[in-house]
Amino acid sequence: MARLTVRLTPRASRDEVGDFEAATATLRVRVTAPPVDGRANEALVRLLARHLRVPRGAITLVSGATARTKLVEVEGLEPADLAARLSRD
């Protein structure tokens, strides 16, 4: 299991996984969904699952449900695997 800090930008022009900032250990993610009724969080989970090639159920939002900075847990991936999948783009 690996954990990842995500800086989420809702209401973006497109869904995209941005750069991983090593200095802050934060992944920047943009989604088109608004931050209403958890829709941006759902879009984040779908996008990360597709990008990391894991089932949606393997991704859990640990903290930050109403904040832009979130802590996400990915089941089935070790931290080294997570880093490799993030840097592959």
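Among contacts between residues at least 6 apart in sequence, 42% join residues at least 24 apart in this protein, and the model that shows these contacts is a predicted one.

**The whole chain**

Start with the complete protein in a cartoon view, where 2 helices and 5 strands can be picked out, following the pattern β-β-β-α-β-β-α when read along the sequence. The C-alpha trace spans about 35 × 25 × 20 Å along its principal axes. The radius of gyration of the protein is 12 Å, which agrees with the value near 12 Å that a compact globule of 89 residues would have. If you switch on a surface, the accessible area comes to about 5300 Å², with 48% of it belonging to carbon and sulfur atoms, while buried residues make up 35% of the 89 residues.

**Strands β1, β2 and β3**

Next, select β1 and β3, which pair in the parallel sense over 5 bridges, and look for Arg 7, which stands opposite Arg 28 in β3. Then add strand β2, residues 16–21, which pairs with β3 in the antiparallel sense over 4 bridges; here Val 17 has Val 29 of β3 as its bridge partner.

Follow the chain through the hairpin that β2 and β3 form, with 4 residues between them, and stop at Ala 25, which lies in the loop between these two strands. Ala 25 has a phi near 55 degrees, a positive value in a residue other than glycine. Most residues other than glycine have a negative phi. With a relative accessible area of 39%, Ala 25 is partly exposed.

A second residue to select for its backbone is Asp 37, found in the loop between β3 and α1, where its phi is likewise positive at near 55 degrees, although the residue is not a glycine. Asp 37 is exposed, with a relative accessible area of 71%.

**The nonpolar core**

Now hide the loops and show side chains in the interior. In soluble globular proteins, nonpolar side chains tend to be buried together. The largest nonpolar core here has 23 residues, and Val 29 and Leu 48 touch the most other members of it. The elements that give two or more residues to this core are β1 (2–9), β3 (26–30), α1 (39–52), β5 and α2 (79–87), and α1 gives the most, with 7 residues.

Which residues does Leu 48 meet, once its neighbours within four places in sequence are left aside? Select Leu 48 and display its surroundings: the contacts are Val 6, Leu 27, Val 29, Arg 53, Ile 59 and Val 72.

**The β4–β5 hairpin**

Move on to strand β4, residues 59–63, which pairs with β5 in the antiparallel sense over 4 bridges. The two strands form a hairpin with 5 residues between them, and Gly 64 in the turn has a positive phi of about 90 degrees. For one of the bridges, select Ser 63, whose partner in β5 is Leu 71.

On β4, pick Val 62, which counts as partly exposed at 37% relative accessibility. Its C-alpha atom is separated by 5.5 Å from that of Val 72, a residue 10 places away along the chain. Beyond residues up to four places away in sequence, Val 62 touches Arg 3, Leu 71, Val 72 and Glu 73.

**Along β5**

Two residues of strand β5 make good final stops. At Leu 71, which belongs to this strand, the relative accessibility is 23%, so the residue counts as partly exposed. Leu 71 and Leu 4 are 67 residues apart in sequence, yet their C-alpha atoms are 5.8 Å apart in space. When residues up to four places away in sequence are not counted, the contacts of Leu 71 include Arg 3, Thr 5 and Leu 61.

Last, select Glu 73, also in strand β5, residues 69–74. Is this residue buried or exposed? Glu 73 counts as buried, because its relative accessibility is 11% and the cut-off for buried is under 20%. Its side chain is joined to that of Arg 3 by a polar contact of 3.0 Å. Leaving out residues up to four places away in sequence, Glu 73 touches Met 1, Ala 2, Arg 3, Ala 58, Ile 59, Thr 60 and Val 62.

Key. Residues numbered from 1 in each chain as written. Predicted model: local features only at pLDDT ≥ 70, side-chain atom pairs only at ≥ 80, totals over all residues. Heavy atoms only, no water. Buried < 20%, exposed > 50% of the residue type's maximum accessible area, 1.4 Å probe, protein only. Polar contact = N/O pair within 3.5 Å; in protein donor to acceptor, adjacent residues only side chain to side chain. Contact = heavy atoms within 4.5 Å. Core = buried A, V, L, I, M, F, W, Y, C linked by side-chain atoms within 4.5 Å. Pairing = 2+ DSSP bridges. Rg over C-alpha atoms; globule rule 2.2 N^0.38 Å. Areas by Shrake-Rupley, 256 points an atom, 1.4 Å probe, with all protein chains shown as cover.
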